[in-house]
Structures are given as C-alpha cells and as structure tokens.
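Subject: A structure for you to look at

Hi there,

Here is the structure I promised to pass on to you. Have a look around it first, and then read my notes below with the model open beside them.

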Amino acid sequence: MPSNETIDRFRLSFFSRHLERSALKFNGWYEYKHVDNPAYGTSLSSSNEFFFNASYKPSAVWGATGSIDILRGENDDRTLTQFDKTDGSQTPFDLDRDEERENLAIGFWFIPNNIFSADLNYGMLHSKIDQDTIYGAGPDDAGNTDDPNDYSFLDDDSDFEQRVHTLSAGIHLRILENLNCRIEGYHIRSKSEFTPGSENYIGHNITDPQQLKDISEVDIRQNGIKSRITWQFTRMLRAQFEYNYDDYDDQDSDVFDGSAQTFIASLGGNF
C-alpha cells in the first residue's frame with residue numbers, strides 16, 4: 001500500500017428538457033480520473049467515463065427509462081519485482097492493465113391505479129480486461145525451464161472478457177390498505193473466459209494456452225423468482241417476508257448446476 005495517494009477528478013454534468021412540460025428528459029456526465037499512485041494492481045491510474053440517461057413519461061400511467069455507462073481506463077504504473085533465490089538479484093516486471101466496460105439498462109413501467117403496477121427491465125454488462133500475466137516464481141538465469149522455482153515469463157497479451165444479459169418482469173399488488181406484495185421473475189445469461197496470448201507460450205514448458213482458455217470458460221443460465229409481502233400492521237411496526245428461488249444451469253458442464261432457496265423474515269419500526 002502506498003503511503004500517499006492523490007486522486008484528481010474532473011466531471012462535467014448536463015441536464016436537458018426540450019419543453020417546459022416535455023415528457024422527455026436527458027441527463028448525464030463525463031468524468032476524467034487520474035490516480036498518481038494506485039493502491040492495487042486492479043486499480044486504474046487514469047480513466048474516462050461517460051454516463052447518459054433518458055427518461056420518457058408521457059403520463060402518470062406509463063413511462064420508460066434508458067441509460068448507458070461507458071468506461072475506458074488503464075494502469076501502466078505497476079511493477080512487480082521477483083527475487084532470484086540463488087544470488088538475491090531483483091527482476092522487475094511491468095504489469096500493464098487496460099479495462100473497457102459498458103453497462104446498458106432499459107426499463108418500462110405501467111401504473112394504471114394505486115392497486116396494481118408492473119415493470120419490465122433489461123440490462124447488459126460487458127467488460128474486457130487486457131492484463132499482463134506473469135507465470136513462474138523467479139527469473140530463469142540458468143536457462144533451466146524444468147525448474148519452476150527458478151523460472152518465470154510474462155504474458156503481455158492475455159485478456160479476460162465477460163458478458164451478462166438480464167431480463168426481468170415484476171408486478172406489484174396492493175391487496176389491502178396495509179398489505180401489499182411484489183412478484184418478480186428474471187432470466188440471466190452470463191458468459192466469461194480468459195484468453196492467454198498464445199504466441200508468448202512458444203518454447204516454454206507449461207500447459208497449452210488453449211487448455212487454459214477452455215478450463216476458464218463459464219457459461220451459465222440463471223432463472224429465478226422473487227416474492228415479497230409487506231404488512232404495515234400498525235403505524236409504527238412493519239413486517240416483511242421474502243422468498244427467492246434460483247436455478248443455475250451450466251451450459252458447458254454440470255459444475256455449476258444447482259438451485260438455491262432463500263427465505264427472509266424481518267420486523268421493522270419507526271419510533
């Protein structure tokens with residue numbers, strides 16, 4: 001951890017409404033961030049991020065929202081030092097990191113009265129990280145690639161990529177004046193993989209980079225349902241009961257297959 005860290009941030013925000021009573025509104029911001037001494041290897045030394053949001057509300061009955069968040073960042077200031085066990089010499093490795101991220105969210109809502117409401121939402125998350133990866137435990141001064149304790153090399157062309165898509169729909173019912181419930185169903189698709197830089201492995205006595213990619217791939221389908229009942233039985237006391245069920249389906253194997261059920265009961269009050 002560095003003893004001192006300085007963070008410089010510049011943000012420019014905007015808001016727009018075309019007419020005084022326009023149903024369409026825009027807002028967003030752009031931010032530049034610089035860190036002179038990042039505390040962690042996964043931290044970014046500089047980044048550019050842009051956020052944009054739009055909302056459309058033609059009436060009190062229905063409306064729609066959409067937003068996108070885009071980030072581009074890097075960290076070229078990290079150095080990892082390894083020590084040679086034979087003579088104590090130091091070998092520095094510059095570990096660069098580039099990150100790309102995009103988040104998209106779209107939602108629709110429908111509220112015809114004070115008893116019933118419904119919503120439909122879609123979300124997408126994409127991230128890609130180009131990260132230098134070091135293998136081994138020390139410099140190969142003796143040229144003996146069979147000794148993992150005296151050998152290391154740098155893969156400067158590896159990356160990790162992930163995509164997540166989420167679709168959900170829910171309804172809210174006000175059963176009684178002091179009793180309401182919500183039911184929501186959702187479907188999530190998540191896929192990620194690590195891709196080594198294949199050319200960096202030529203001539204080195206380690207596993208095939210394609211095998212590293214194959215064992216890192218994760219492709220999961222998740223289906224679930226959430227239900228919640230809220231009972232305001234006095235002005236001061238409120239009880240809430242929640243039940244969640246999730247089913248996981250691994251598309252490539254059965255490693256992550258399974259299901260989970262959660263039940264939560266809580267009691268709250270205002271005094």
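**What I found**

Let's start at Asp130, which sits in strand β8 (residues 116-131). Please keep in mind that this is a predicted model. Asp130 has a relative accessible area of 32%, so it counts as partly exposed. Asp130 also belongs to a patch of negative charge on the surface, where it is joined by Glu5, Asp8, Asp36, Glu74, Asp76, Asp77, Asp98, Glu100, Asp156 and Asp157.

**A nonpolar patch**

The surface has a nonpolar patch as well, made of Ile171, Leu173, Ile175, Leu176, Ile183 and Ile225, with about 480 Å² of accessible area together. Which strand gives the largest share of the nonpolar patch? That is β11, with 4 residues.

Ile175 is found in this strand, which covers residues 159-176. Its relative accessible area is 52%, and because the limit for exposed is over 50%, Ile175 counts as exposed. Ile225 lies in strand β13 (residues 218-231) and is partly exposed, at 38% relative accessibility. Ile175 is also a good place to compare sequence with space: Ile115 is 60 residues away from Ile175 in sequence, yet their C-alpha atoms are 7.2 Å apart.

**Salt bridges**

Side chains of opposite charge can pair when their charged atoms come close. How many salt bridges does the structure hold? There are 10 salt bridges, and here are some to find on your screen.

- Arg101 pairs with Glu49, and their closest N and O atoms are 3.4 Å apart. This salt bridge links distant parts of the chain, with Arg101 in strand β7 (residues 97-110) and Glu49 in strand β3, 52 residues apart. Arg101 is partly exposed at 23% relative accessibility, whereas Glu49 is buried at 13%.
- Arg182 meets Asp119 at 2.9 Å, N to O. Here too the pair links distant parts of the chain: Arg182 is in strand β12 (residues 179-195) and Asp119 in strand β8, 63 residues apart. Arg182 has 18% relative accessibility, and so it counts as buried.
- Arg174 pairs with Glu177, with 2.7 Å between the closest N and O atoms. Arg174 is partly exposed, at 29%, while Glu177 is exposed, at 67%.

Look out for Arg9, Arg11 and Glu31 too, which are linked in a network of salt bridges.

**Aromatic rings**

A pair of aromatic rings is described by the distance of the centres and the angle of the planes. The count here comes to 5 aromatic pairs. One of them is Trp29 with Phe51, a stacked pair with 5.7 Å from centre to centre and 25° between the planes. The two rings come from distant parts of the chain: Trp29 from strand β2 (residues 24-35) and Phe51 from strand β3 (residues 46-56), 22 residues apart. Trp29 is buried, at 16% relative accessibility.

Is the pair of Tyr56 and Trp62 stacked or edge-to-face? Their ring centres are 5.7 Å apart and their planes are at 65°, so the pair is edge-to-face. Tyr56 is partly exposed at 36% relative accessibility, and Trp62 is partly exposed at 38%. Finally, Phe14, Phe26 and Phe52 are linked into a cluster by ring pairs.

Enjoy exploring, and write back with any questions!

Best wishes

Terms used: Residues numbered from 1 in each chain as written. Predicted model: local features only at pLDDT ≥ 70, side-chain atom pairs only at ≥ 80, totals over all residues. Heavy atoms only, no water. Patch = residues over 30% accessible without salt bridge, like charges linked within 9 Å, V, L, I, M, F, W, Y side chains within 5 Å. Areas by Shrake-Rupley, 256 points an atom, 1.4 Å probe, with all protein chains shown as cover. Salt bridge = Lys/Arg side-chain N within 4 Å of Asp/Glu carboxyl O. Lys, Arg positive; Asp, Glu negative; His and termini not counted. Charge placed at Lys NZ, Arg CZ, Asp CG, Glu CD. Helix = DSSP H or I, 4+ residues; strand = E, 2+ residues; numbered from the N terminus. Buried < 20%, exposed > 50% of the residue type's maximum accessible area, 1.4 Å probe, protein only. Phe/Tyr/Trp six-rings, centres within 6.5 Å; stacked < 30°, edge-to-face > 60°.
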